[in-house]
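Me: Can you help me look at the cross-links and charged pairs in this one? I'm new to this, so keep it short.

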Amino acid sequence: SGTGGRKRKSRWADDEPKPVIQLPDFMKDFTGGIEFDPEIQALNSRLLEISRKLQSGMLLDDGPEGARSPSPEPIYDNMGVRINTREYRAREKLNRERQEIISQIIKKNPAFKPPADYRPPKLHK
Amino acid sequence: IALQRFMLQPGAPATKVLCLTEVVTPDELRDDEDYEDIVEDMRTECGKFGTLTNVVIPRPNPNGEPTPGLGKVFLEYVDVESATKARQGLNGRKFGGNQVVAVFYSENKFSEGDYDG
C-alpha cells in the first residue's frame, strides 16, 4: 500500500513560522547577523568537514584504481623515501582548500578569528 | 565568533546523522500502513534539505521486548551541510501534532546500528 493515487495528507504540519527567538538588541549588535548568512554557513560547514577529515587520520584517497588521474613523477627525500605519496597529495589538496575557504570567510567576515595554523595567502604585487 | 570557534573545534557535534525525537508513538509504528505513511512523510519532507542516504525508524518488537531508539527517527544525509540545514528546518516543527526535536547523532553509533544513544 502507500501508492496507487491514494491522496493523503502528510503528517508534517505546514511550515508554520517557528517561534522566533527575539534576540536582545545588544546581542544583535554582537552577532551582526553575519553568522546566519547562508553563504558563510556553507563555507563553515565545508571547513568543518575538511577539518574533520584531516584530523580523523583516516586514509585519504582520490578514488578507485583506474578512475584516478596519472600520478606525478615521484619525488624522494635524501633518505630515498618517497615524499609525494598519494596520501600526502590528498592531504595537501585538502589543506589548500581549507586555507582557501578560510580566506573566503575572512573576506566576508573580517571579525572571523582564523585557526592558529592558518597562513594568509601571500599578496602579489 | 564564539560560534565559529565552536564549529572549528575537533569533535564538534555536527554530523551527517540527524535524530528526531518526540515524533512518533509506538502505536502508530505497530500498524503497517501507518508505518509506511510515516516513512514516506519523512522521506518527502526531510529530503527537501538535501540528499537522504538512509532513514531508520525503529519499530516495536511484536514480542514486547524493548526496541532501542523506539519513538525516534534517524535521518542520514549525504553531508553535514544537509543535516545542518535539516536540523534548522525541522527542529520545532510539528509532526502529527508532536513538536519535533532534532539533534545530531553520532555517525559511528548510527553505522553500527546503535540507536540507543
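Reply: Let's go through disulfides, then salt bridges; note that this is a predicted model.

Me: OK, how many disulfides over all chains?

Reply: Zero, from a search of the whole structure.

Me: And B:Cys19, is that buried or exposed?

Reply: B:Cys19 is buried, at 2% relative accessible area. B:Cys46 is buried too, at 0%.

Me: New topic. How many salt bridges are there over all chains?

Reply: The search finds 12. One of them joins B:Asp34 and A:Arg11, with the closest N and O atoms 3.4 Å apart. That pair crosses between chains: B:Asp34 is in helix α3 of chain B, and A:Arg11 is in the segment before α1 of chain A.

Me: Which residues share a network with those two?

Reply: B:Glu28 and B:Asp41. Salt bridges with shared partners join them to A:Arg11 and B:Asp34 in one network.

Me: What does A:Lys108 pair with?

Reply: A:Glu39, at 2.8 Å between the closest N and O atoms. This pair links distant parts of chain A, from helix α2 to helix α3, 69 residues apart.

Me: How accessible is each partner?

Reply: A:Glu39 is partly exposed at 48%. A:Lys108 is partly exposed at 33%.

Me: And where does B:Asp32 come in?

Reply: B:Asp32 forms a salt bridge with B:Arg59, 2.9 Å from N to O. B:Asp32 lies in helix α3 and B:Arg59 in the loop between β2 and β3 of chain B, so the pair ties together parts 27 residues apart in sequence. B:Arg59 is partly exposed, at 27%.

How values were computed: Residues are numbered from 1 along each chain as its sequence is written. Chains are lettered from A and ligands numbered from 1 in the order in which they are written. This is a predicted model: local features need pLDDT of at least 70, side-chain atom pairs count only at pLDDT 80 or more; totals for chains, interfaces and linings use all residues. Side-chain values use heavy atoms; hydrogens and water are left out. A disulfide is a pair of cysteine sulfur atoms within 2.5 Å. Buried means under 20% relative accessible area, exposed over 50%, partly exposed in between (1.4 Å probe, protein chains only). A salt bridge is a side-chain nitrogen of Lys or Arg within 4 Å of a carboxyl oxygen of Asp or Glu. Helices (H or I, at least four residues) and strands (E, at least two) are DSSP runs, numbered from the N terminus.
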